[in-house]
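Open the model in your viewer and keep the selection tool at hand. The stops below are meant to be taken in order.

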Amino acid sequence: MKFYKRDPDRALAGMAALSAEQRGAYNSLIDLLYSRDGLVRDDDQEVAHAIALDRRLWNRLKTELMVAGKVRVRDGFLRANGVAETIDQAQLLSSSQRARAQLRWNRVKSANEINEAEMRRRNAIQYTDIKKEADEAVDNVDKSEGEKQEKPRHPLSSTPALDEAMRRFKERWT
């Protein structure tokens with residue numbers, strides 16, 4: 001684990017009966033347990049090296065912490081109060097958040113897939129409607145009976161007034 005929640009009030013109350021030396025070793029052991037996801041073998045040489053203590057000092061402190069009820073050995077692994085429960089809670093939270101993220105990702109992927117023949121209207125509503133109107137206008141002109149009508153302007157094409165306004169804008173700002 002890269003991070004664990006710690007309640008300072010509970011920690012201080014729980015370690016009130018410990019000496020400063022015992023507190024230091026206990027805090028280092030807790031950090032070691034969290035950094036290794038609660039899997040620390042009961043190997044005094046290895047633990048002493050990991051928490052930067054002399055092996056003989058660690059042996060004495062471990063015995064004192066065991067007598068105080070702070071540390072236990074179970075199935076060949078060291079255990080400390082509350083560590084296993086906190087790791088279980090963190091793993092449960094992590095897996096539930098991972099599942100939520102995967103569900104969200106799957107929804108986004110399925111929404112991005114185009115399963116229909118046409119593009120969804122919300123993506124191109126203006127262009128398709130304008131294009132449809134322009135095509136209908138051109139079809140109506142073609143079907144007229146030889147009358148000389150001015151071909152309707154495409155809605156996306158510029159007008160002479162717009163061209164003049166753009167020319168003045170460019171002259172002024174360039």
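A polar contact, as the term is used here, is a pair of N or O atoms within 3.5 Å; within protein, one of the two must be able to donate a hydrogen and the other to accept it. Keep this for the stop at Thr-86. The model is predicted.

**Whole chain**

Colour by secondary structure. The protein chain has seven helices and two strands, and from the N terminus the order reads α-α-α-α-β-β-α-α-α. Now colour by relative accessibility: of the 174 residues in the protein chain, 17% are buried. In a contact map restricted to separations of 6 or more, 52% of the contacts join residues 24 or more positions apart.

**Helix α2**

Select residues 20-35. This is helix α2, with 16 residues. From first C-alpha to last, α2 reaches 22 Å, close to the 22 Å expected at 1.5 Å a residue. Show side chains and pick out the buried ones in α2: Gln-22, Ala-25, Tyr-26, Leu-29, Ile-30, Leu-32, Leu-33 and Tyr-34.

**The nonpolar core**

Which element gives the largest share of the largest nonpolar core? Select the seven residues that touch the most other members of this core of 23 residues: Tyr-26, Leu-29, Ile-30, Val-47, Trp-58, Leu-78 and Val-83. Two or more core residues come from each of α2, α3 (44-50), α4 (55-67), β2 and α5 (83-112). The largest share, seven residues, is from α2.

Centre on Val-83 next. Leaving out residues up to four places away in sequence, Val-83 touches Ile-30, Leu-33 and Tyr-34. Ile-30, Leu-33 and Tyr-34 are among the buried residues of α2 listed above.

**Thr-86**

Move along to Thr-86, in helix α5. A polar atom of the Thr-86 side chain lies 2.9 Å from the backbone oxygen of Gly-82. With residues up to four places away in sequence set aside, Thr-86 touches Tyr-4, Lys-5 and Tyr-34. Tyr-34 is thus a stop shared with Val-83, which also touches Tyr-34.

**The loop after α2**

Go back to the end of α2 and select Asp-37. Asp-37 is placed in the loop between α2 and α3. Asp-37 is not a glycine, yet has a positive phi of about 55 degrees. Asp-37 counts as partly exposed because its relative accessibility is 38%, between the cut-offs of 20% and 50%.

Leu-39 lies in this loop between α2 and α3 too. Is Leu-39 buried or exposed? At 54% relative accessibility, Leu-39 counts as exposed. Beyond its neighbours within four places in sequence, Leu-39 is in contact with Leu-33 and Phe-77. Draw a distance from the C-alpha of Leu-39 to that of Leu-78: the two are 39 residues apart along the chain and separated by 7.6 Å.

**The hairpin**

Select 71-74 and 77-80. These are strands β1 and β2, which pair in the antiparallel sense over four bridges. To check the register, Val-71 stands opposite Ala-80, and Val-73 has Leu-78 as its bridge partner.

Show the side chains of β2 and look along the strand. Leu-78 and Ala-80 point to one face and are buried; Phe-77 and Arg-79 point to the other face and are not buried. Leu-78, on the buried face, is one of the core residues selected earlier. Phe-77, on the other face, is in contact with Leu-39.

Then pick Asp-75, in the loop between β1 and β2. The hairpin has two residues between its strands. Phi of Asp-75 is positive, near 55 degrees, and Asp-75 is a residue other than glycine. With a relative accessible area of 66%, Asp-75 is exposed.

**Helix α7**

The last stop is residues 160-173, helix α7, where Phe-169 and Trp-173 both lie. How many aromatic pairs does the model hold? The count comes to one aromatic pair, formed by Phe-169 and Trp-173. The ring centres of Phe-169 and Trp-173 are 6.4 Å apart, with 45 degrees between the planes, and the pair is tilted.

Phe-169 and Trp-173 are four residues apart in α7, about one turn of the helix. An α-helix has 3.6 residues a turn, so residues three or four places apart point the same way. Phe-169 counts as partly exposed, at 48% relative accessibility, and Trp-173 is exposed, with a relative accessible area of 59%.

Note on methods:
Residues numbered from 1 in each chain as written. Predicted model: local features only at pLDDT ≥ 70, side-chain atom pairs only at ≥ 80, totals over all residues. Heavy atoms only, no water. Expected span 1.5 Å × (residues − 1). Buried < 20%, exposed > 50% of the residue type's maximum accessible area, 1.4 Å probe, protein only. Pairing = 2+ DSSP bridges. Core = buried A, V, L, I, M, F, W, Y, C linked by side-chain atoms within 4.5 Å. Contact = heavy atoms within 4.5 Å. Phe/Tyr/Trp six-rings, centres within 6.5 Å; stacked < 30°, edge-to-face > 60°.
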